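Could you walk me through this model in my viewer, one selection at a time? I would like to know what to pick next and what I will find there.

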Amino acid sequence: RQVTKPITNIIFNFSISTSALTVKSSSTRAAANSGKFISPFTSIAPLKPYLLSEWKPILCGWLCSVLSVYSLSKIIPKVGKFSSLVNPLDVVRLRAECLVLGGLFFVRLVGNYLQQAFLWEAALNCVYKMRICVFHKVLQRDLGFFEGEKGIAAGDVAYRITAEASDVADTVYSLLNTIVPSSLQLSAMAVQMLVINPVLSLLSALVIPLMGFVIGYLGEKLRDVSNKAHLAAASLSSYLNEILPSILFVKANNAESCERKKFQSLAFADLSATMGKKKLKSFIPQLVQDAGKAYNELKQGEPAIQRLFSLKTFEPEEIVNPDAVDLDCVAGEVKYSNVSFRYGDNGPLVLKNTDLHIKSGEIVALCGPSGGGKTTLVKLLLRLYDPLQGSILIDGLDIRGIRIKSLRRNIGLVSQDTTLFSGSVAENIGYRDRMAGIDMERVKLAARNASAEEFIEALPLSYETNVGPRGSIFSGGQKQRIAIARALYQDPSILILDEATSALDSKSELLVRQALQHLMQNRTVLSVNHDVAYGMEIYTNLTYQKGSTKKQMPILVKRVLVIAHRLETVLMAERVFLLEDGN
Ligand code: ADP
Ligand code: MG
């Protein structure tokens, strides 16, 4: 086909490889600090801004603890003197003393309750804020953080943000709850001892350094065993996170007993590590009193604090480029110029000086053997990774100079592994508009064009039906049609079909192909018309059938980049590229 105006569609077809999330990687990362002494100030440092933001409940909690300790200090001598007051003839005085004592008990009770309530409020608020902040950072991480040999397991991240964050809450609470009452009690004891016998008090103070040494030593031990317990629990969580979504595969391979053994060994590792921690912890308070307890609470919580905050401290994916621009009115010309790329620092070159020029609106098929780097080319276009060398231009603009959000808004991806989330069919199709509000008419139109309408409308709640975990109510072909509907709904300037029709049965494949044809046909109209204005007209007033009435709806259409690998789809392409061995 002759392309005379650069307004046609560019069509690609790739396969996205899902990288297996490894269980071991997480353990190696967090074990790095084990054995090194970390001062309490260093370990508390990341908590500081959160604690400061909760100064009000902390102060209230501490004031209540002062009240509680004060009332206790009044109760004890009163109870001591009580027997001497018990004179049945002096009923009035006895009643008054009882009332005062009752009042003091009440103040102690309320003070104690409020102290705990305020301090828990502070600790839980701190952890809530930490979670939000850490998850925000995790979402900003580059793709290399999640995939590849050193990638972090999803289950590990989940464990850190849920269970370990709860541990941090416990640590924060223990610290807040112990520091003030303990120091109060210590000071009170020291004053009393000095009053009673100053010489003996000063002599006993000589023991303090020894106590400090024991507390410090046990604290470090506690941190190490606690770290081991966290790593073991994280491995268990990572394992479950990986195996449960693949339960079909496990059953089909009769692998239940093998997986049970693997789970048992991981659970046993968790048991031993946790047991070690609990035993050491129950041994410590016999040796050291409250001040030591506070220190040891911190040491025990240190691994959780470190692991949680290590998710937060990495560089975000996008280094803010003040000169970056938004991509408006995209024509859709894509140019890879002398691009080389490798995963990691020492991996083999996946792309070697690759050049690829796709004209605006062109339908291009990219073929090549598996592992040839097709999906990698897509990842680079989406800026999930940056090339080692060379550049990628959209409409002549280097993508590194384009704001990432703006770049990705203009690129639609239908990949081999269709990603559906728990939620309604409509939410899955209108995924990009979930915050702004989903346009149901557009969802239905997209579903119709993706040949998905029929099976969606047969569902019990139609578009409102929950698709189940990872879209499990659908067959593979239905999932892909939903994904194509999602792409049609997005209506991106550049569309990438990464082996989007690869795993379908023949009937679904036919339907999906029709859907793709529909998608490309619509956009090819633009290409042969040579006239931007006319093309815009067509796309801003798309006609569709609703019941017996014909309706028109405006759709924002720009350019399309599609990648096709099946022969049928390749036949629709205007040019075919072969990508082999990174060239
Ligand atoms: P294609 O899509 O052509 O089948 P890919 O682009 O997915 O190929 O992969 C190209 C090469 O890069 C393969 O050798 C693959 O093993 C490697 N690779 C892909 N993803 C990663 C990753 N995240 N980390 C390390 N190597 C990877
Ligand atoms: Mg691929």
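A nonpolar core, as the term is used on this tour, is a set of buried Ala, Val, Leu, Ile, Met, Phe, Trp, Tyr and Cys residues joined through C-beta atoms within 7 Å. Please keep in mind throughout that this is a predicted model.

**The whole chain**

Start with everything shown as a cartoon. The protein's secondary structure amounts to 20 helices and 12 strands. Of its 583 residues, 36% count as buried. Now consider contacts between residues at least 6 apart in sequence: 85% of them join residues at least 24 apart.

**The largest core**

Select Ile429, Val443, Ala446, Ala447 and Ala485. These residues have the most contacts inside the largest nonpolar core, which has 50 residues. The element that gives the most to this core is α17, with 7 residues. Elsewhere there is a second, separate core of 41 residues, and Phe118, Ile215, Leu231 and Ala294 are among its members.

Return to Ile429 and show what surrounds it. Which residues is Ile429 in contact with, leaving aside its neighbours within four places in sequence? They are Val443, Ala446, Ala447, Ile482, Ala485, Arg486 and Tyr489.

**Helix α17**

Next, select residues 476–490, which make up α17. From its first C-alpha to its last, this helix of 15 residues reaches 21 Å, close to the 21 Å expected at 1.5 Å a residue. Is α17 largely enclosed or largely open? Because 14 of its 15 residues are buried, α17 is largely enclosed by the rest of the structure.

Look at what flanks this helix. Asp491 follows α17 and has a positive phi, near 50°. On the other side, the loop between α16 (453–457) and α17 holds Arg470. The phi of Arg470 is also positive, near 50°, in a residue other than glycine. Arg470 has 15 C-beta neighbours inside 10 Å and so counts as partly exposed.

**Helix α15**

Move to residues 440–449, helix α15. Since 8 of its 10 residues are buried, α15 is largely enclosed by the rest of the structure. Colour the buried ones: Arg442, Val443, Lys444, Leu445, Ala446, Ala447, Arg448 and Asn449. After α15 comes Ser451, with a positive phi near 55°.

**Strands β7 and β8**

Select residues 411–414 for β7, which runs parallel to β8 and is joined to it by 4 bridges. Leu413 stands opposite Ile496 in β8. Then turn to the side chains of β8, residues 494–497: Ile494 and Ile496 point one way, Leu495 and Leu497 point the other way, and all are buried.

**The four-stranded sheet**

Now show the open sheet of 4 strands, in the order β3-β2-β5-β6, with antiparallel pairing. β3 (349–358) and β6 (397–398) stand at the edges with a single partner strand each, so one side of each is left without a neighbour in the sheet. Rotate to find α12, which packs on the sheet and touches β2 (334–342), β3 and β5. The direction of α12 makes about 110° with that of β2.

You can step through the strand pairs in turn:

- β2 and β3 run antiparallel, joined by 6 bridges; Lys335 stands opposite His357 in β3.
- β2 and β5 pair in the antiparallel sense over 5 bridges; the bridge partner of Ser340 in β5 is Gln389.
- β5 and β6 run antiparallel, with 2 bridges between them; Ile394 has Leu397 in β6 as its bridge partner.

Pause at the hairpin of β2 and β3, which has 6 residues between the strands. In this hairpin, Gly344 takes a positive phi near 75°. Then pick Arg383, in the loop between α12 (374–381) and β5 (389–394). Its phi is positive too, near 55°, in a residue other than glycine. Arg383 counts as buried because it has 20 C-beta neighbours inside 10 Å.

**Last stop: Glu54**

Finally, select Glu54, in the loop between α3 (48–53) and α4 (55–85). With 22 other C-beta atoms within 10 Å, Glu54 is buried. Leaving aside neighbours within four places in sequence, Glu54 is in contact with Ala122, Asn125 and Cys126. How many Å separate Glu54 and Ala447, C-alpha to C-alpha? Draw the line in your viewer: they are 49 Å apart in space, and 393 residues apart in sequence.

Conventions. Residues are numbered from 1 along each chain as its sequence is written. Chains are lettered from A and ligands numbered from 1 in the order in which they are written. This is a predicted model: local features need pLDDT of at least 70, side-chain atom pairs count only at pLDDT 80 or more; totals for chains, interfaces and linings use all residues. A residue is buried if 20 or more other C-beta atoms lie within 10 Å of its own, exposed if 12 or fewer, and partly exposed in between; C-beta atoms are placed from the backbone. Two residues are in contact if their C-beta atoms, placed from the backbone, lie within 7 Å. The expected span of a helix is 1.5 Å times one less than its number of residues. Two strands pair if DSSP finds at least two bridges between them. Axes are lines fitted to C-alpha atoms, for helices over the stretch in contact, and angles run from 0 to 180 degrees between N-to-C directions.
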